[in-house]
Amino acid sequence: MKDSTRKILDSAFTAFSRVSLFIVGTAVIGFILPIALKGIGAFMFTATVEHEKFLSENLDYSLSKSDKERIRKSDAARQKLWEMIDSYESSKDSSQPLEKISDLRISTFNKAIKDKDKLKSILSQTPSKRAKLIKEYAEGAWRAYADALDDAERGASGFLFQKFISEQERKLESDAEIFAEEICKGAKISRMARNSLRRNFITYPISLLNACRERFAEKNSAYLSMKGGIIELIGPRSLKEKEDMKLTRQKYGQTRLDIAQRVLSEDIAKISIRKISQGGIPIMDRVSSKEYFGNSVPGQILEYVEKHFDELLQPHFTIYPGFFTDNPIDANIFGGIYPMILGTFYLTVCAMIVAAPLGIAAAIYFSEYAGNGRIANFLRMCVGTLAGVPSIVFGLFGLAFLINTIKVSDGKSVFAGSLTLALLILPTIIRTCEESLKAVPNSYREGALGLGAGKWRAICGVILPAALPSMLTGIIISMGRAAGETAPIIFTAATSAGLAIGLSDIFTQPTPALPWNIYNICSEHEMAERVGHVQYGMALTLICIVLFLNLSAIFIRAKLQNANKNK
Amino acid sequence: MESGKKHSLIMGGGQNFMREISQRIGRGLLLSITAIPTLAIIFMIFFIAKEAAPFFGNLSHTLEFFTSSNWAPSSQNSPHFGALAIFYGTAMVTLGSCVIAIPLGIFAAVCLNEISKKAAFFKPMVELLAAIPSVVYGFFAIVIFAPILQEEGGILIAAAVFLLGTTASIVIGICAGEIFAEKAFKGYFAKRSLLIKAIMILSGIFATFELSLSAANLKIESGTNAFNASVILAIMALPTIVSLSQDALQAVGRDMREGSLALGATRAETIIKVVLPCAKSGIAAAIILGLMRVIGETMVVWMASGNALKIPEPFFNFFEPVRTMTATIAGEMGEADQSTGSDRYHVLFAMSFCLLIGALIMNAAGQFIGGSFRTIKK
């Protein structure tokens, strides 16, 4: 090969490995940066007035003067909106007074009762003929009623009309009962014939009303869909409505501007309407509200909401430190993540309390007593093997042994989880501590022993203190690992919902914990779009805890190295 | 000794005896603590085998377990325990992450140890990568990476294929062109191989271009799939591979490198032909340990792999959701542990028994290979 080619290959190789190192080295930034940027939004965000309302009513925050002013302003803007909605829902803008239709109904029945003889003769026919004749008669009788209904529908737009129609249907049924009774009074008419009369006489108007209601149902469901969106945006109207709601998420509007904007563009500006598909099956269809409503009153309501969006919600930038200290409310949609942080703290600290002394003791044995004998090597191999066991197997072991066999607690508990975690991090602690002990120069040991100290005394008085800072590094790093592990606590300690538990409950109660709840809120939350910020916030919190531990370990190590260099 | 004013420097027999006893007791205590990991391993194997035994006791179930991919362990009438698709899913994501992690990891380790002057910056960054909890990786995979993959996946992959393919075809074109020119044409052409090289490089680039065009048209139906899990797992395995490989590279003596360089080899030649062969057992151990992290990882695959219970079609399609052993255990044990003793409970323990045995074997292999490397180091 020519020299120039070899040179090209050499630089290609160099470039390739540089790129690899760059990718590997900066991957951590690629992971953390997006989470950090969005995670900050969990506690620093543009809040709407609903945020303050929620805090003051549920978590005993006090309202500042400016908050009260904002609530007042938004209430004023909302008042106008509710007035518009009210006037639309109770409007009677029909060209035909509805009483007239009712009157026509009664008069039609009365007229038919006067035709008693004709109807009786129809009823004496054979069943199949009978039904047909009744229907024919009814069609003539109900003509005026049908026309009036048609006229009324053309001008109607309000909700009253739909109510009126249902009422008419009900009344038709009961009137028909009386009517049939009236016709058959005193004559010998079979029950079947009477039923046939009752049913068939009102078939025509009922079908008219049904069709009418169907048309209105579409119109009204479109309106209700938009109204639902508005209520989701700004919350229910009155205190009473608020108290009737079961879930906290229904009691308040959107607390965050970003989600509020999404609700505006997806649930208000777009609505779902019922349509009959080609196959005759009713389906829901998404359409633009603006096109659907046009210039009608709902269209004006939409315009008002879009125009006065800021006045309705009064967005302002806020910092919510309570994210870290408040309990979550309604499946993490409101409130903070305090129980998860506390649970992680309990699990980590308990695991460390168990694992650190054991790990240090084992490391002392390995480095000071064991040497390189067969038993020591076997024990060392076991430590390595334990380090390689998949974390989920630790979880199963915790379940099968700690909980089901020796019953450290009745079910999941912080204690069982901590023991499992302790076992998981034990190999790491043993290894790092052994290495730090081995790094203590032999002259220390010889000096101590030479001064007459026993082995035990040499270890406690000289070697351990010398190795302690570097041991601390290893212990802190494994603490970070314990804080972030999920699989071992799934079956032993973690619960997806629940409040912070007290210190006395750690032997009996499961706890929410950051890692498990991150999984849970990402994969199993029923309203993932409402808790996006909490997902990021939790992930960022966990990263911060772990990185803080690791960075402090790196810092301690760097100090140590400097100190060693200066010696 | 501050406490023994009256004691003479030479200790008496009684004192010696007491000291001996306490030393023995202390040593015994330490030994028993040190045996905890050993006991834990033994108990772990025992208890998981005990819970798995009822399942493996049923031969037809066991046979189905390894040969069928019909998995319905909770069915009341006709439960099925075919875990083949689940084993296949584990193998698939492991293989996928290996393909990404091994070259990247080894190159990075080489650069960290031999080439880069910024190792002081990159080394802690790689360690931080190891510190990020697995659930955060899973979070990243499902919340950030999956939507990107679903919407822009084709273009991203096309860009990666094009970049990699172009550089590879340039390098390979130069090498192969030169060798071809030397072997096939003697004399004039051998010295002017530029044309041959150009043809090779251009054809390589053309092929990659075609390939990336077809990749750009790829429609990825679900962002949570084997590819997503493989990429994230690869990144999780990288810190292990990089730092252990770097240890192995460090152990190679300076004399080896200097000898090779003195003989006129370039740095790349030295690394490929001298340093890497010397460090190969250490690197193999690093790869095995990195692999173990991939196989044993739960949260990432649970969140990122899509958890579909079937072998993808065609079998090498990485853009289909798969399901792995760890994800199955984690996902189903929550529903099964209420009814301790059910078939489902036992089959999950059987699965984790397989997982545990696999991990133990790999661990032994890693320790064996790595151990031989460590003795060389000493």
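**Asking how we know: chains A and B**

Me: Let's start with charge in chain A of this predicted model. How far apart are the mean positions of its positive and negative charges?
Reply: They lie 5 Å apart, taken over 69 positive and 57 negative charges in chain A. For chain B, with 27 positive and 23 negative charges, the mean positions are 14 Å apart.

Me: What makes Ser238(A) partly exposed?
Reply: Buried means under 20% relative accessible area and exposed means over 50%. Ser238(A) has 29%, so it counts as partly exposed.

Me: Where does Ser238(A) lie?
Reply: You'll find Ser238(A) in the loop between helix H9 (191-234) and helix H10 (239-244) of chain A. Its C-alpha is 10.0 Å from that of Lys251(A), a residue 13 positions away in sequence.

Me: How do you know that the length of H14(B) agrees with a helix of 12 residues?
Reply: Happy to work it through! The expected span is 1.5 Å times one less than the number of residues. For the 12 residues of H14(B), residues 325-336, that gives 16 Å, and the end C-alpha atoms are 15 Å apart, so the two agree.

Me: Why is H14(B) called mostly covered?
Reply: Nine of its 12 residues are buried, and buried means under 20% relative accessible area. Among them are Met325(B), Ile329(B), Glu332(B) and Met333(B).

Me: What does the globule rule give for chain A, and what does chain A have?
Reply: For 567 residues, a compact globule would have a radius of gyration near 24 Å, but chain A has 39 Å. The C-alpha trace of chain A spans about 130 × 70 × 55 Å along its principal axes.

Me: And what does that rule give for chain B?
Reply: Here the figure for a compact globule of 378 residues is near 21 Å, while chain B has 28 Å. Its C-alpha trace spans about 95 × 75 × 35 Å along the principal axes.

Me: What share of the residues counts as buried in chain A, and what share in chain B?
Reply: In chain A, 49% of the 567 residues count as buried; in chain B, 48% of the 378 do.

Me: How many helices and strands does chain A have, and how many does chain B have?
Reply: Chain A has 24 helices and six strands, and chain B has 15 helices and two strands.

Me: What share of the accessible surface belongs to carbon and sulfur atoms in chain A and in chain B?
Reply: In chain A these atoms account for 58% of about 26700 Å². In chain B they supply 69% of about 18600 Å².

Technical notes:
Residues numbered from 1 in each chain as written. Chains lettered and ligands numbered in written order. Predicted model: local features only at pLDDT ≥ 70, side-chain atom pairs only at ≥ 80, totals over all residues. Heavy atoms only, no water. Helix = DSSP H or I, 4+ residues; strand = E, 2+ residues; numbered from the N terminus. Buried < 20%, exposed > 50% of the residue type's maximum accessible area, 1.4 Å probe, protein only. Rg over C-alpha atoms; globule rule 2.2 N^0.38 Å. Areas by Shrake-Rupley, 256 points an atom, 1.4 Å probe, with all protein chains shown as cover. Lys, Arg positive; Asp, Glu negative; His and termini not counted. Charge placed at Lys NZ, Arg CZ, Asp CG, Glu CD.
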